[in-house]
Amino acid sequence: MLALDELDVPIVGAPLAGGPATVELAAAVSEAGGLGSLAGALRTPEQLEADVAALRARTARPFAVNLFEAQRRPGDPEAVARYAAALAAEGLPLGEPRHDDDRLGEKLALMVELRPPVVSFTFGCPARPTIDRLRAAGCAVWVTATTPEEAVEAAGAGADALVIQGVEAGGHRGGFDDDAPGDYGLLALLQLVDAAVAVPLVAAGGIVTGRAVAAVLAAGASAAQVGTALLRTPEAGTSAPHRAALAADGRRTGLTRAFSGRTARGIVNRFQREHADAPSAYPEVHHLTTPLRAAARVAGDAESINLWAGQAYPLAREAPAGEIVRALADEARARLRELAAGA
Ligand SMILES: Cc1cc2nc3c(=O)[nH]c(=O)nc-3n(C[C@H](O)[C@H](O)[C@H](O)COP(=O)(O)O)c2cc1C
């Protein structure tokens, strides 16, 4: 079981489900002294098992596997049907909007068997028996929280650490209830959670520079989790149109349910703008839009795919992941030294 202070550098590579996460990316982050993450969501248990084996073949250093907690309730079928009809009227290729749990039970059993040093969760807090089972197998259990209330619930359920995700973050909001998503900025949330719980905190959202890493360490976090900062690395599986949008700068990011039915932050494009009223229904809408996103990706159409990115994305660089992790850590260390000397 990994304790956060065992990491050489206080940087966690975010799990980046849906394409950007690769074994190579997780290995590069871990080899640089951070904690690489495999995205276990939207992969079959068989694929995930192969990913863990491939990662272990590349690095002996610690890593995390991330899973999506099952949604508490299905979306409103009528709202999903209305959204499906609107997309069909545009002549878009669509999938079956089914509700499922991404084979979570099988993946949990796999984690108990494979014993990764960390199993992190988003979209909800596992029940105490699940956390106890993973901890008994030797896995540290991390839970993502987006409000002080979620943090208190997760700490009470036995989580070893909390990933505190501010609204600046790229990709999905990790809150427990998408019908009532919180909108806390990272710094406000970190202070509130730090005052409310005694478990170590990992700060996530809008962290793309070493100075920002220094800021969250100063505010009480034990490490920074970075996602967008890694999207332009050669090791990431980020699609070509997504990379081009990240490099283009100048466009704002916004929250949307248009692509998946769960609130997420991406660079605002045509699809996101035109479907601002998409229902809260994950994973139904995710399955519904999978074919249209796949087709747009192949066509290089950046206006119809999810361009997940955090608010600080214009500062994300194109460079190898190990170099980025080392630079973040070096810059953070230098900044903290400067501040200490000044004080
Ligand atoms: C493309 C993308 C995919 C993501 N997928 C996941 C995921 O599978 N699991 C998870 O816990 N968080 C996921 N996140 C959110 C990150 O864990 C993290 O909270 C976020 O990247 C931090 O904000 P930043 O992107 O500004 O660094 C994803 C983020 C992005 C950008």
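**An antiparallel sheet and the ligand shell**

Four bridges connect strand 10 with strand 11 (residues 264-267), and the two run antiparallel. This description rests on a predicted model. Along that pairing, Leu255 lies opposite Arg265 in strand 11, and Gly254 faces Gly266 of strand 11.

Strand 11 has another partner in strand 7: two bridges join them, again in an antiparallel arrangement. Here His172 is positioned opposite Ala264 in strand 11. Taken together, the three strands make up an open sheet with the order 7-11-10 and antiparallel pairing. Strand 7 and strand 10 (253-256) are its edge strands, each of them paired on one side only. As a general matter, the strands of a sheet pair through backbone hydrogen bonds, in either a parallel or an antiparallel manner.

The path from the sheet to the ligand leads through strand 7. Strand 7 (171-172) contributes at least two residues to the shell around the ligand, and strand 9 (223-226) likewise contributes at least two. Strand 7 is therefore an element to follow in both settings, since within the sheet it is an edge strand, while at the ligand it supplies residues of the shell.

The shell itself comprises 30 residues surrounding the ligand. The closest of these are Ala17, Gly170, Gly171, Gly227 and Gly310. By residue class, the shell consists of 14 nonpolar residues, 15 polar residues and one charged residue. Glycine is counted among the polar residues in this division, a point to bear in mind when reading the polar total of 15.

Definitions and conventions
Residues numbered from 1 in each chain as written. Predicted model: local features only at pLDDT ≥ 70, side-chain atom pairs only at ≥ 80, totals over all residues. Near = placed C-beta within 6 Å. Pairing = 2+ DSSP bridges.
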